[in-house]
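Reader: I would like to go through one part of this model, element by element. Please keep the answers short.

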Amino acid sequence: MNPREGLEGNLDMMLIKMQDFVNAKNYAFYIFDSSQQIYVLKAVRKSTRNTIITPSYSGLLPYEKQNILFPPMYPKEYFPSEVSLITEGEISMVSIPIRSEIGFVNVGPVKKLRQKETNVLNEYSEILATPLKKMVEEYAASKKQSRTALQTRQTSNRKERMLLAKNYALYYGYGKMKELSSFDLIIVEPKAYTIPQFQELKYTNKVILTYLSLLEVHPTDSVFQDLTKEDLLIVDGEPLKNNEFGTYLVNLKSKKWMEHLLKNIQHHLEEIEADGLFLDTIGDIESQALPPNMQSIQLKAIVNFLHILKMLYPNHLLIQNNGLNTVVLETAPYIDGIFWENPPFTIEKSKEWTDLIVQRLSLLKKEFQVKVFLLLEEKIEKERKAYSMAKVIAKDKGFQLYNAPMDYLEVRPLVQDISQN
């Protein structure tokens with residue numbers, strides 16, 4: 001077998017041939033992102049013949065009694081110097097470097113690797129550098145474009161429908177299909193609905209976002225039992241906890257937590273077919289309970305994660321809740337919307353800060369086409385009585401406003417919602 005025959009310039013075919021050659025069901029293809037100094041997942045292929053070398057992610061790959069979840073990124077030092085057999089968990093795969101450290105391909109599962117196969121795959125590792133050169137150059141060039149251009153490329157039909165939405169509702173309860181169907185954009189708890197119910201809402205051409213907690217996990221969540229101290233944020237020897245909700249803060253550098261998030265995201269965007277994600281608890285990064293160094297590490301981790309999500313799901317929406325001080329300044333190129341939950345407009349000592357945030361959100365709205373949402377919740381609204389002021393600001397700045405019932409467990413009739421664009 002001569003890998004050079006008829007394959008040069010055909011990247012898709014070469015990757016398929018490598019997969020077939022070692023008789024494996026799956027491969028994951030990574031290229032080097034020089035701006036972040038990491039290898040990022042560029043494409044995944046299952047046992048089907050449909051191969052697309054573009055930002056994509058196929059999610060969990062079945063293998064015997066467990067699943068293979070290809071990591072979304074690897075550190076620079078991971079690069080394999082030669083074709084070798086590696087182990088991810090209990091799964092053995094062949095790792096094939098692409099010369100000049102452009103990238104590598106992991107193919108598996110396999111049980112063994114013979115010398116003959118190693119020799120042929122070494123030839124492939126050299127040949128792959130040629131068709132990849134143009135791809136990597138284009139990828140590097142795209143990273144140098146302005147952040148505004150990046151946001152424009154991410155615009156999709158979903159983004160257009162979100163920008164044109166005249167109203168929205170956030171609801172964490174069950175049912176209320178009829179009430180929700182009157183809104184242009186709705187945010188729901190995915191566990192509260194069946195896939196047919198989601199489809200019923202989608203038939204009305206609504207923009208549907210599903211709730212996802214990025215930095216907090218409740219002890220009743222099944223994944224919590226698998227987490228160790230290394231997976232949580234620890235200060236002074238104790239895990240950080242949100243006492244109001246009984247949740248623990250998670251370390252975004254945790255591989256277990258990243259795999260958990262990616263599995264849930266695949267369910268939300270591919271199985272349920274939501275239009276995007278409502279990213280909650282991201283504002284925890286700004287918590288005073290986190291030491292500055294820990295804040296910096298977690299902020300960098302979340303930016304890397306959003307970068308990966310936009311590569312994996314370029315046409316889906318990412319809407320961030322809070323994180324208005326420092327987080328949004330870094331995440332703005334990757335998100336499509338930003339929520340300001342319970343803004344303290346009527347608290348005099350917060351006036352200087354709220355004025356700054358209003359100005360900041362106005363600028364982000366203009367620069368990145370980020371849609372700005374004001375969310376007031378009845379329990380806090382009774383104390384602050386900020387709705388009238390929020391209504392004026394929403395109309396003046398083109399923000400969208402929703403006055404939510406207590407604990408987000410009811411849907412306020414649309415006629416009582418004031419939305420201005």
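The turns below deal with a helix, a sheet and a loop residue of a predicted model.

Reader: How many residues does helix 8 have, and what is its reach from first C-alpha to last?

Author: Helix 8 covers residues 255-271, which makes 17 residues. At 1.5 Å a residue, the expected value is 24 Å, and the helix comes close to that. Its reach from the first C-alpha to the last is 23 Å.

Reader: Which residue caps the N-terminal end of helix 8?

Author: The contact runs to the backbone nitrogen of Lys-256. A side-chain oxygen lies 3.4 Å from that nitrogen. The capping residue that supplies this oxygen is Ser-254.

Reader: Which elements do the buried residues of helix 8 pack against?

Author: The buried residues of the helix include Trp-257, Leu-261, Ile-265 and Leu-269. Residues three or four places apart in an α-helix point the same way. The partners of the buried residues of helix 8 are strand 11 (207-213), strand 12 (216-217), strand 17 (276-280) and helix 9 (292-312).

Reader: Which strands are at the edges of the open sheet that includes strand 16?

Author: Three strands form this sheet, with antiparallel pairing, in the order 12-16-15. An edge strand pairs on one side only, and this holds for strand 12 and strand 15 (241-242).

Reader: Why does Asp-221 count as partly exposed?

Author: Asp-221 is found in the loop between strand 12 and strand 13 (234-235). Buried would require under 20% and exposed over 50%. Asp-221 counts as partly exposed because its relative accessibility is 22%.

Methods. Residues numbered from 1 in each chain as written. Predicted model: local features only at pLDDT ≥ 70, side-chain atom pairs only at ≥ 80, totals over all residues. Heavy atoms only, no water. Helix = DSSP H or I, 4+ residues; strand = E, 2+ residues; numbered from the N terminus. Expected span 1.5 Å × (residues − 1). Buried < 20%, exposed > 50% of the residue type's maximum accessible area, 1.4 Å probe, protein only. Contact = heavy atoms within 4.5 Å. Polar contact = N/O pair within 3.5 Å; in protein donor to acceptor, adjacent residues only side chain to side chain. Pairing = 2+ DSSP bridges.
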